[in-house]
Amino acid sequence: QAVIGSSKFKFSYYITGFFILIGVLLGRFVCGFLCPFGWFQELLHKIPFKKFSTKKLKPLRYIKYGVLLIFVILLPLLVTNSLGMGNPFFCKYLCPQGVLEGAIPLSIANASIRAALGKLFTWKFGILITFVILSLMFYRPFCKWICPLGAIYALCNKVSFLQMKVDEDKCVSCGKCERACKMDVDVTKHPNHTECIRCGMCIKECPTEAIHYQYGFGNSKPNDKKASHE
Ligand code: SF4
Ligand code: SF4
């Protein structure tokens, strides 16, 4: 956003290349295991509270692609000041992570920062509280519906080196993997679905050990190597 909104540059090859590199190496494993806000939502969801399924809310998944296009790319590019500079619209107006990890601890530690907090902080704090409450009820609502980084890695899932594989010979179609998936993916039909965060819950639940991670090119099954030596 900073580069798109700057007056000198319009496209960051470094950042885009970095996202593509991480996306190809890991896909949405980043969401499952590296993102601190994903972890935060995960912890909130463990708190006893009435839980709701997101299966019927699947169309909301597409909001994050709109956020990526509009707030991260188009608004910083098109809405500029007299110097030709745009705002980082997503970070400034939507992302609750900056409030959680930046504004709140800084304002607790520093009285002058506390005194300077205004309407924007109130707005973003409201977004944070909304997602805290939603996370108690729904699994990872921000990852599923809003996060533009999640959208980028979702698009990389299909070409990522890290893939889910289902051994059709072992699968007995019990459906346990689909029921275990909190991202509402049926791994037997769509092993590299855009919503799969590579959490491994389906692997744990499968009674026949039909699901596994695969890293790299090719289509090998776990026993292929063994078989080829026999
Ligand atoms: S349970 Fe399986 S299919 Fe669902 S998100 Fe986790 S790894 Fe992906
Ligand atoms: S849990 Fe395992 S055996 Fe059951 S449907 Fe999924 S992959 Fe097949």
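Here is a short conversation about the surroundings of ligand 1 and some aromatic rings in this predicted model.

Reader: Which residues are around ligand 1, and how are they classed?

Author: Happy to help! The residues around ligand 1 are Met164, Cys181, Met183, Val185, Val187, Cys196, Ile197, Arg198, Cys199, Gly200, Met201 and Cys202. By class, ten of these are nonpolar, one is polar and one is charged.

Reader: What makes Arg198 the charged one and Gly200 the polar one?

Author: Arg counts as charged, and Gly is grouped with the polar residues, so Arg198 and Gly200 take those two places in the shell.

Reader: Where does ligand 1 sit?

Author: Ligand 1 sits in the largest cavity.

Reader: Now the rings: how many aromatic pairs are there?

Author: The count comes to eleven aromatic pairs.

Reader: Why is the pair of tyrosine 62 and tyrosine 65 called tilted?

Author: Their ring centres are 6.4 Å apart, and pairing asks for centres within 6.5 Å. Their planes meet at 35°, and stacked needs under 30 degrees while edge-to-face needs over 60, so the pair is tilted.

Reader: Why is tyrosine 62 called exposed?

Author: Its relative accessible area is 57%, and exposed means over 50%, so tyrosine 62 qualifies.

Reader: What separates phenylalanine 89 and tyrosine 93 along the helix?

Author: About one helical turn, because they are four residues apart in helix α5 (residues 89-94).

Reader: Buried or exposed: how do you know which word suits phenylalanine 89?

Author: Phenylalanine 89 has a relative accessible area of 11%, and buried means under 20%, so phenylalanine 89 is buried. Tyrosine 93, at 28%, falls between the two cut-offs and is therefore partly exposed.

Note on methods:
Residues numbered from 1 in each chain as written. Chains lettered and ligands numbered in written order. Predicted model: local features only at pLDDT ≥ 70, side-chain atom pairs only at ≥ 80, totals over all residues. Heavy atoms only, no water. Near = heavy atom within 4 Å. 1 Å grid on protein atoms, 1.4 Å probe; cavity = no way out; pocket = protein on both sides within 12 Å on 5 of 7 lines; lining within 4 Å. Sits in = over half its atoms within 2 Å of the grid points. Phe/Tyr/Trp six-rings, centres within 6.5 Å; stacked < 30°, edge-to-face > 60°. Buried < 20%, exposed > 50% of the residue type's maximum accessible area, 1.4 Å probe, protein only. Helix = DSSP H or I, 4+ residues; strand = E, 2+ residues; numbered from the N terminus.
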